[in-house]
Amino acid sequence: MSGTSTETATTILNSTPLGGEMDKRFDPAGYEQVWQRRWAEKGYFKAEAPSARPSYCIMIPPPNVTGKLHVGHALQSTLQDLLTRWRRMQGYNALWLPGTDHAGIATQLMVERHLATEGTSRRELGRELFLDRMWRWKEQYHGNIREQLDLLGASCDWTRERFTLDAGLSRAVREAFVRLYREGLITRGNYMVSWSPKLGTAVSDLEVEARTVQGKLYHVAYPVEGSGERIVVATTRPETMLGDTAVALHPEDERYTHLHGKAAILPLVGRRLPFVADAMVDREFGTGLVKITPFHDPNDFEMGKRHGLPGITVIGPDGRMTAEAGPEFAGLDRFEAREKIVQRLREEGYLIKVEPHTHNVGHSQRSGEPIEPLVSTQWFCDMRSMADQALAAVRDGRTRLIPDSWDKTWEHWLTNIKPWCISRQLWWGHQIPAWYTEDGRCVVAHSLEEAIAEAGTDRLTQDPDVLDTWFSSALWPFSTLGWPDDTPDLRTFYPTDVLVTGFDILFFWVARMVMTALHFTGDIPFRAVHLTGLVRDAEGQKMSKTKGNVMDPTELVSEYGADALRFTLASLDSPGRDIPLNRDQIAGYRAFGNKLWNATRFALSRIPAEARVRESIDPAGLAAPERWILSRLSRVAAEVDARFETFRFDEACNRLYHFFWGDFCDWYIELSKPALSGEAPRPQVGDVLLTVLDRALRLLHPVMPFLTEELWQRLPGHEAIHPETICLAPYPRREEGWEDDAAEAGMDALIQGVTRVRALRAEMGLAPKAKLDLHLNPADAEMGRLLQEQAPLIQFLTRVERVSFGPAPEGARRDLVAGVEIGIAVEKTEMTAEERGRLEKELDKLTSEIGRAEERLSNPDFLGKAPAHVVEGGRAKLAEMRERQAALRSSLGVG
């Protein structure tokens, strides 16, 4: 194969039997997107509804519509595609449904920043014009996601693509909201929320991350009314004291029984603060007295409700002090106000002391600023009953979390679930389907027309807030299939089979999908959830732009090819573990692809003209090497299939890699050479070679789809397996009739023996042309017969003069491998000056390598950080090098 990618496509797609001469150069860029376009044009990934075949469905976790895929997306997309391709090849009616999320805050902020560069803002534009700009932005960048998924080889059914703001999903959102409202699970009222002043909206508690902050603890004296006594309270936020309405103490704290029924006076303000007794007060913290600010602390809010305390808002939604904070502080930023209040307390003698204090402060994940607890009118959804159903679904195994170590976290979070604040003060999103009459009455309906009919007036104003992005995402598994209608897609593909996503959104998204699915459909949304770890850099650090360690998957595909990246990510996906990724690994798997390319190229250049891929091969009458490779292939097919079933992608890739690189490329290709060249003929070697290559490529296809299609199309006879594409060819199964323990044992002994003879030749410092006699003395008679049958092959592989069976003569170099005694006898010859020079040079190089290895293995840092298998491998390698060093010294006659 040569020339441009267009020429490549033409050659292959015209179904020329051998696809033309294969290019010597392995170049994934020359064929990967050619095949992606071909698959799309042919509609190979379109699922049927209804279908007589068993269905298999995976929903893509919808990425942000205007976003860019990162390596975490690449990992999850690889695994979803792997599973979908695998099931499709097994005959399932497989659907991988793609789509994107409107991503309320993230997308709105992006557009608002763009508007700022134009010198305008959303407020200046107004809601209608701003939303028009949002939709235009979405249309401009929406195609990026598909382009990036195509680069990775995603086999999505793009005819079913969904968007969380499309008409169908918007209808589903309104239906869900109205039902929950009418069931009494959605309510509107004044609640304490986590507020982001920068974003100007409430955020979910799940979107708040606790950060450890080195702050200060301020001890402030409050006078007791009608006495000279002063009590001391401690606070990390002096600015909130302007909103204090009480001081709390524990009812059984004997130190303060005299304060019951009395009041303190708020410094700087003079407000009367009654003492209230509450069992929630921690007597051991500080002085055991706590100031209560009902509208600026969630615990104080609950305590205020218990004691009927008034609330005062002294910090506004913009993060600045309100008029209720007093004229001296009104308009100040909350942190500026803190400094001024502390200064005034110090001046008036109320500040007792200030201590360094390390504590956790909630920060907005999106804006990075400290959250402000505010009382605000918001919409909330009571999740308690739905959470109980989700707990039961995991407990009884209807939905499995993989790994199951997440079950305890699931239990803890859902057992302690709180009402979900579902309203956001944004414009981009699903506007809440609630309308208000002029006298303040609220009407919740599916549409304005329905609201007018229910309200009896058309003078209505719709609630300006939108729903939390996660509300529409929570309906994703069934809304995308047509719910609330009873559609063919919903009947065919629901419940779905697997969700592949990151553990970091287990509760943002996964739990909410399970809860809403059980509530609205009465069934689970998916049978299994495979939770991936985070993709980190080679040092285990989280990737971030500030650290400069971000890996862009599109750049990695450009450099190494999509197949290499996919194989790397899948091979590193181990349950419950994060993934350390480095370029050397990807380069290594690109080399793996190159190995397969060259092996196929060799096979196609050597096979006889009549050789073909066979649908089945009878091993009876075949020689041991062919029975061995067929047996190994059958076992690997069973192992890979079993690992895919249990989501052990790392183990499946490991078996595929070692079969291809070791069994097939390193050994069977070598074993086939004398037969294909006619030096030592064996029956059906060409057919076996092609059939094994066909099935092995099909086994590998879900992980490396492009390379396997490119190579498979070139195999003569592949049309008997499928007339068009490897994508729809049957996934290989175990062939018990191929499995042959005796052939495997005998050939394993042959391989180990050949490997050892080659090593002994090197250890003895023998020139490649040195004449050797090889003596084999197997302990097992059956193995002995197999080895005798393959004596010409052994002679070819070891390059010896003769192979004989029986004990080795005196003076021969002996070893024992796999139950076979090996003996090497060599004619004594004088070492030439050239040969001595070569060995001396090799000895010098080896001595340097030993020094470096010894230094590394004596380094405590290396020993402490390197995985155990790496350390053990290094030690084993060092031992081998020392043996080789001793052999070279012996050959050279030096000490």
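These are my notebook entries on a sheet, some cysteines and a helix in a predicted model.

**Entry: the sheet**

I began with the sheet and looked up its strand order, which runs 10-11-9-12 across 4 strands, and I noted that the sheet is open and its pairing mixed. I then asked myself which strands stand at the edges. They are strand 10 (263–265) and strand 12 (289–292), and because each has a single partner strand, one side of each is left without a neighbour in the sheet. For the twist I found an average of 30° from one strand to the next.

I next followed strand 12 to its partner, strand 9 (residues 246–249), and saw that the two run antiparallel and are joined by 4 bridges. Within this part of the sheet I located Leu-249, which stands opposite Leu-289 in strand 12. Looking for what lies across these strands, I came to helix 9 (residues 298–307), which crosses strand 9, strand 11 (272–277) and strand 12, and which runs at about 85° to strand 12.

**Entry: the cysteines**

I turned to the cysteines and asked how many disulfides the structure holds. The count is 0, and I checked Cys-156 in particular, which is in no disulfide and whose nearest cysteine sulfur, that of Cys-57, is 11 Å away. I also noted that Cys-156 is buried, with a relative accessible area of 3%.

For Cys-421 I found that the closest cysteine sulfur belongs to Cys-381 and that the separation of 11 Å is too far for a bond, a disulfide being counted here when two cysteine sulfur atoms lie within 2.5 Å. Cys-421 is buried as well, its relative accessible area being 7%.

**Entry: helix 26**

I then went through helix 26 (residues 781–789) and listed its buried residues, which are Met-783, Gly-784, Leu-786 and Leu-787. I wanted to know where around the axis they sit, and since they cover an arc of only 165°, they are on the same side of helix 26. On the face turned away from this buried side I found the exposed residues Ala-781, Arg-785 and Glu-789.

What do the buried residues of helix 26 pack against? I traced them to helix 21 (624–645), helix 25 (741–763) and helix 27 (791–798), and also to strand 26 (772–778), strand 27 (802–805) and strand 29 (820–826).

Last, I examined the start of helix 26, where a side-chain oxygen of Asp-780 reaches to within 3.2 Å of the backbone nitrogen of Glu-782.

Definitions and conventions. Residues numbered from 1 in each chain as written. Predicted model: local features only at pLDDT ≥ 70, side-chain atom pairs only at ≥ 80, totals over all residues. Heavy atoms only, no water. Pairing = 2+ DSSP bridges. Axes fitted to C-alpha atoms, helices over the stretch in contact; angles between N-to-C directions. Contact = heavy atoms within 4.5 Å. Buried < 20%, exposed > 50% of the residue type's maximum accessible area, 1.4 Å probe, protein only. Arc of directions from axis to C-beta. Polar contact = N/O pair within 3.5 Å; in protein donor to acceptor, adjacent residues only side chain to side chain.
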